[in-house]
Amino acid sequence: TVDTVDADCLFCKIVAGEVPATVVHRDDTTVAFRDIKPQAPTHVLIVPTAHIPDVATLAAADPELLADLFTTAAEVAKAEGIAEGGYRTLFNTGRDAGQTVFHAHLHLLGGTWLGALAG
Ligand code: 5GP
Ligand code: ZN
């Protein structure tokens, strides 16, 4: 799965530095950058550097890389000062979830009361 690139993919271009973004973390396997349309005071997207279309494909192909995304999310949450107050991490998968960019990305949201997801 590693080193896969899709020339037409927006997030591959951000990973490559070909499209500007506010990058807050970068390592060998993950990149984190601020969402262009933040839905919370902190809204960061964490992506694998490799082009993988969605989290289901990612989980099947490379579970360790999936874990890396959550490790990066926890590190970014600390750096953003939202680790103690709490935060939400989520993946949208496919049409009905509203996935619009088909390069897997973990949303990290926090910095305010986000509301309960259920109940
Ligand atoms: P999805 O609905 O696919 O889970 O979320 C895609 C996210 O990417 C959205 O929250 C959207 O605001 C964000 N996004 C779309 N285009 C860009 C862009 O060019 N730069 C950045 N930083 N975020 C983007
Ligand atoms: Zn991509």
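This passage describes the overall fold, the nonpolar core, the ligand shell and three individual residues of a predicted model.

The confidence scores of the prediction are given here before the fold. The mean pLDDT of the protein is 96, and 97% of the residues score at least 70. For the model, ipTM is 0.99 and pTM is 0.97.

The protein contains three helices and five strands. In order from the N terminus, its elements follow the pattern α-β-β-β-α-α-β-β. The radius of gyration is 14 Å, close to the 14 Å that the globule rule gives for 119 residues, so the protein is as compact as a globular protein of that length. Along the principal axes, the C-alpha atoms occupy a box of roughly 40 × 30 × 25 Å. Among contacts in the protein with a separation of 6 or more, 59% join residues that are 24 or more positions apart. Buried residues make up 27% of the 119 residues of the protein.

In soluble globular proteins, nonpolar side chains tend to be buried together. In this model, the largest nonpolar core is made up of 23 residues. The residues with the most contacts inside this core are Ala32, Val44, Ile46, Val47, Ala73, Val76 and Leu108. Two or more core residues are supplied by each of the helices α1 (10–16) and α3 (63–80), and likewise by each of the strands β2 (30–34), β3 (42–48) and β5 (106–110). Ile46 illustrates the surroundings of one core residue. With neighbours within four places in sequence left aside, Ile46 is in contact with Thr30 and Ala32, with Leu69, Thr72, Ala73 and Val76, and with His105, Leu106 and Leu108.

The surroundings of the ligand were examined next. Around ligand 1 there are 13 residues, of which Ile36, Lys37, Asn92, Gln99 and Thr100 come nearest. By residue class, the shell around ligand 1 consists of six nonpolar, four polar and three charged residues.

Three further residues were considered individually, beginning with Arg34. Arg34 lies in strand β2. This residue is partly exposed, because 15 other C-beta atoms lie within 10 Å, a count between the limits of 12 or fewer for exposed and 20 or more for buried. Not counting residues up to four places away in sequence, Arg34 touches Thr22 and Val24, and also His43 and Val44. Ala21 is 13 residues from Arg34 along the chain, and the C-alpha atoms of the two are separated by 7.0 Å.

Thr4 belongs to the segment before α1. With 14 other C-beta atoms within 10 Å, Thr4 is partly exposed. When residues up to four places away in sequence are not counted, Thr4 touches Ala50 and His51. Thr4 and His51 are 47 residues apart in sequence, and their C-alpha atoms are 5.1 Å apart in space.

Thr112 is located in the segment after β5. Thr112 is exposed, because 11 other C-beta atoms lie within 10 Å and a count of 12 or fewer defines that class. Apart from neighbours within four places in sequence, Thr112 is in contact with Ala40 and Pro41. The C-alpha atoms of Thr112 and Gly86 are separated by 8.7 Å, and the two residues are 26 residues apart along the chain.

How values were computed
Residues are numbered from 1 along each chain as its sequence is written. Chains are lettered from A and ligands numbered from 1 in the order in which they are written. This is a predicted model: local features need pLDDT of at least 70, side-chain atom pairs count only at pLDDT 80 or more; totals for chains, interfaces and linings use all residues. A nonpolar core is a set of buried Ala, Val, Leu, Ile, Met, Phe, Trp, Tyr and Cys residues joined through C-beta atoms within 7 Å. Helices (H or I, at least four residues) and strands (E, at least two) are DSSP runs, numbered from the N terminus. Two residues are in contact if their C-beta atoms, placed from the backbone, lie within 7 Å. A residue is near a molecule or strand if its C-beta atom, placed from the backbone, lies within 6 Å of it. Ala, Val, Leu, Ile, Met, Phe, Trp, Tyr, Cys and Pro count as nonpolar, Asp, Glu, Lys and Arg as charged, and the others, Gly among them, as polar. pLDDT is the predictor's confidence in each residue, from 0 to 100. The radius of gyration is taken over C-alpha atoms; the globule rule is 2.2 Å times the number of residues to the power 0.38.
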